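Please find below a colleague's note on the structure shown here. It is set out as numbered points for reading beside the coordinates.

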Amino acid sequence: MKIERIETFLVPPRWLFCRVETDSGLVGWGEPVVEGRAEVVRAAVEVLAEYLVGEDPLRVEQHWQVLTKGGFYRGGPVLSSAVAGLDQALWDITGQAYGVPVHALLGGPVRDRVRVYSWIGGDEPGEIADAAAAQVAAGLTGLKMNACGQLSPIPTPAEVDEVVSRVAAAREVLGDERDIALDFHGRAGLAAVRRILPELAPLRPFFVEEPLLPDQAHHLRDVVAASPVPVATGERLYGRTEFLAPLQAGVSVVQPDLSHAGGISEVRRIAALAETYGALLAPHCPLGPIALAASLQVAFATPNFLIQEQSIGIHYNEGSELLDYVLDPEPFRFSEGHILRFDGPGLGITVDEGAVRRAAKSPHAWRNPVWRHPDGSFAEW
């Protein structure tokens, strides 16, 4: 069996899909994307396709090694995301070829269901309680929200109080039986985090995500030592070597993205590395159905898995939804705050190719907003 053709599709709301076709008729799907830079990743996929076309798709590890190391320059979000989507597609083909789900190829399932959480925004404090109540009504037991909006380098007491009030509004709806995770999105520096986290501790957040930017990882040990709340990070880290310093700093949760951090092959290794430090895996995934399916395959087979992000109904998806691109939404149905293990071959989902091709006729050009402080200087979004 040989790879015959590789195609890419820019589809709303902000995703990039790739389709890998073989001469045997088997087709694998992947999701290689950097949100806001999808066109750049598309170009990288096209370059990497020059190597893959004509190759045996079942040599997944060999291809991962060549795609990541075959060029003199390595790493970074664009290359790692291009490799990630192609890696997902190759695992998809391999599972189909052997007639088993990817999690069977990873050693078999270690759980029957995967706990998932949903995003409730948080940039608009007045909407938090209603958004949390809607997700509770949908049966979810875990939610995530932005911990803050734009934040001063050293937040004022009023800003700290606003952060606490946001979380308190969610906690009042959720009670003590459900979890709320907080995403700082790299908006807070070390001084801000030291001021805010002790104030949040009485509300018992599930974890705090990206309290610092990735390039400030040398401060993570100080944050972990001072934080009464579990610390999570990793959506902007792209390989296992980049996770080593945060793990040595003592983070509790690692959050590699299956569409950014080298795909199924590398995230599986990141999870194993985290396990040696007693850390848990909670893959980042505010993306489409292929990325979610790949994440779930890893979750089904990973002992130190904690919880899975998913984007059904997320605010980014206005006008297009994750389920629009699959023929059968049943694998993604929630059951008591979980997704039940599904055992279809490969990634276990059937992409609606017609819907993808129709959507790609109106490709998106999504860009993240650019924020500024009151004095006009750049602010982290």
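The points below concern a predicted model and proceed from a sheet and its hairpin to the cores, a cavity and two loop residues.

1. Sheet order. Three strands form an open sheet in the order β1-β2-β3, and their pairing is antiparallel. β1 (3-11) and β3 (27-30) are the edge strands, each of which pairs on one side only. From one strand to the next, the twist averages 20°.

2. Helix on the sheet. Helix α3, residues 77-98, packs on this sheet and touches β1, β2 and β3. The direction of α3 makes about 145° with that of β3.

3. Pairing of β1 with β2. The antiparallel strands β1 and β2 (residues 15-22) are joined by eight bridges. Two positions may serve as reference points when the register is inspected: Ile6 stands opposite Val20 in β2, and Val11 has Trp15 of β2 as its bridge partner. As for solvent, β1 is mostly covered, with seven of its nine residues buried. In a regular strand, side chains alternate between the two faces of the sheet.

4. The hairpin and its cis bond. β1 and β2 are connected by a hairpin through three residues. Pro13 is placed in the loop between these two strands. The peptide bond from Pro12 to Pro13 is cis, its omega lying near 5°. The reader may wish to view this bond together with the bridge between Val11 and Trp15 in β2.

5. The largest nonpolar core. This core has 107 residues, and those with the most contacts inside it are Leu86, Phe184, Ile264 and Phe332. Helix α11 (residues 289-301) supplies the largest share of the core, 10 residues. Which residues does Phe332 touch, not counting those up to four places away in sequence? They are Pro289, Leu292, Ala293, Leu296, Ile312, Leu322, Leu323, Val326, Ile339 and Ile349.

6. A separate core. Apart from the largest core lies another, of eight residues. Among them are Tyr117, Phe206, Val253 and Ala282.

7. Ser295 in helix α11. Is Ser295 buried or exposed? Ser295, which is found in helix α11, counts as buried because its relative accessibility is 0%, and the cut-off for burial is under 20%. Leaving aside neighbours within four places in sequence, Ser295 is in contact with Leu258, Pro283, Cys285 and Gln308.

8. Internal space. How many cavities of 30 Å³ or more are counted? The count comes to one. The largest cavity holds about 60 Å³ of space. Its lining consists of Leu212, Leu213, Pro214, Ala217, Leu220, Thr233, Leu237 and Pro246.

9. Arg204. Although Arg204 is not a glycine, it has a positive phi of about 50°. Arg204 is placed in the loop between α7 (190-200) and β7 (208-209). With a relative accessible area of 55%, Arg204 is exposed, since the cut-off for that class is over 50%.

10. Glu336. A positive phi of about 55° is found at Glu336, which is not a glycine either. The loop that holds Glu336 lies between β12 (334-335) and β13 (338-340). Glu336 has a relative accessible area of 64% and is therefore classed as exposed.

Technical notes. Residues numbered from 1 in each chain as written. Predicted model: local features only at pLDDT ≥ 70, side-chain atom pairs only at ≥ 80, totals over all residues. Heavy atoms only, no water. Pairing = 2+ DSSP bridges. Helix = DSSP H or I, 4+ residues; strand = E, 2+ residues; numbered from the N terminus. Axes fitted to C-alpha atoms, helices over the stretch in contact; angles between N-to-C directions. Contact = heavy atoms within 4.5 Å. Core = buried A, V, L, I, M, F, W, Y, C linked by side-chain atoms within 4.5 Å. Buried < 20%, exposed > 50% of the residue type's maximum accessible area, 1.4 Å probe, protein only. 1 Å grid on protein atoms, 1.4 Å probe; cavity = no way out; pocket = protein on both sides within 12 Å on 5 of 7 lines; lining within 4 Å. Points joined across faces, edges and corners; volume = space filled by probe spheres on them.
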